[in-house]
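Please consider how the protein in this entry meets its nucleic acid partner, and how its interior is arranged. The structure is shown below.

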Amino acid sequence: MTEASSSRLREGRRLSRPFFDRPTQRVARELLGAAVVVVGNDGRERAVRLVETEAYVHDDPANHAYRGPTERNRSMFERPGTLYVYRIHQVVCANLVTRPGEAVLLRAGAPLSPELGRPVGPGRLCRVLGLTLADDGVDAVTGGRLRVLARPGGAVLVAAAPRVGIRRAADRPLRFALVGSPWVSRPRPPAVGPFSEVSPTRSRGVAASRRTRTTRRRSSGGGRSGGRSAGR
DNA sequence: CCTCGGATCAGCT
DNA sequence: GCTGATCCGAGGA
């Protein structure tokens, strides 16, 4: 890892338990821009900056925890900030738990060191970071292998869109992406709203998140571009 | 038990 | 755009 990216990784403070212990949709949006850092067996750190997340919430038939605890989703009922890793086909996907039975899927990130591959898509993101099923249940707040660091910069613009690859509750806009990031997975959210502006989370808390505002797309003109072609 | 299909991805048409 | 890989968790055709 280069020195530049290494120092960049020290910038944000580690996200605390109360950060994750909030409504999942809000956590999903405010995780955008946060750094996810994973320490490998060799002590090497691999890190990305999150650019895309999805919220899986209560009363959400697409949520693995929709029907309550099972052996697979056990870690979704652990403390906020726990990692839930599950397998789909030949890959694994990772989530950060918020409240019991709810979590944020980590869908894509921007690499923070050049030797990383493309952390675009939840399976590739886990592969790039070296996350496996063995990481299911680790604590991102106090654990040693996994850290999540607050986004250092100012406010960012976030687009909301339907989640990817699900059949049930397919139209709920619970997918969030940094507007303009080239690392967002496909299908890209529309280039035009609705956006929300997310302010930085402050060290005193979480209270700063209440400043989150929503900016509505101007409906003047009405050039709706790039309609999604088909639901799955 | 047995079956179904998936919070995916790469590769091909 | 569409399909196959590939396999296990969850629910009951």
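In this predicted model, α4 makes the greatest contribution to the surface near DNA strand B, supplying three residues. This helix spans residues 122-129, and it is joined by β3 (83-88), β4 (91-97) and β5 (103-111), each of these elements giving at least two residues to that surface.

Altogether, 20 residues surround DNA strand B, and the closest are His64, Tyr86, Asn95, Gly123 and Arg167. By character, the residues of this surface comprise nine nonpolar, seven polar and four charged. On the side of the nucleic acid, sugar or phosphate accounts for 54% of the strand B atoms within 4 Å of the protein, and bases for the rest.

Several polar contacts can be located individually. The side chain of Arg107 places an N or O atom 3.3 Å from a phosphate oxygen of DNA strand B. At Arg124, a polar backbone atom lies 3.1 Å from a phosphate oxygen of the strand. Tyr56 has a polar side-chain atom 3.3 Å from a sugar or linking oxygen of DNA strand B.

The interior may be considered next. In soluble globular proteins, nonpolar side chains tend to be buried together. Here the largest nonpolar core contains 43 residues, and those with the most contacts inside it are Leu15, Phe20, Leu31, Val48, Leu96 and Val148. Beyond its immediate sequence neighbours, up to four places away, Leu96 touches Phe20, Leu31, Gly81, Thr82, Leu83, Ala103, Val104, Leu106, Ala140 and Val148. Another core, of eleven residues, lies apart from the largest one; among its members are Tyr86, Cys93, Leu105 and Ile166. Tyr86 is also one of the residues closest to DNA strand B.

Conventions:
Residues are numbered from 1 along each chain as its sequence is written. Chains are lettered from A and ligands numbered from 1 in the order in which they are written. This is a predicted model: local features need pLDDT of at least 70, side-chain atom pairs count only at pLDDT 80 or more; totals for chains, interfaces and linings use all residues. Side-chain values use heavy atoms; hydrogens and water are left out. A nonpolar core is a set of buried Ala, Val, Leu, Ile, Met, Phe, Trp, Tyr and Cys residues joined through side-chain atoms within 4.5 Å. Buried means under 20% relative accessible area, exposed over 50%, partly exposed in between (1.4 Å probe, protein chains only). Contact means heavy atoms within 4.5 Å. A residue is near a molecule or strand if one of its heavy atoms lies within 4 Å of it. A polar contact is a pair of N or O atoms within 3.5 Å; within protein, one must be able to donate a hydrogen and the other to accept it, and residues adjacent in sequence count only if both atoms are side-chain atoms. Helices (H or I, at least four residues) and strands (E, at least two) are DSSP runs, numbered from the N terminus. Ala, Val, Leu, Ile, Met, Phe, Trp, Tyr, Cys and Pro count as nonpolar, Asp, Glu, Lys and Arg as charged, and the others, Gly among them, as polar.
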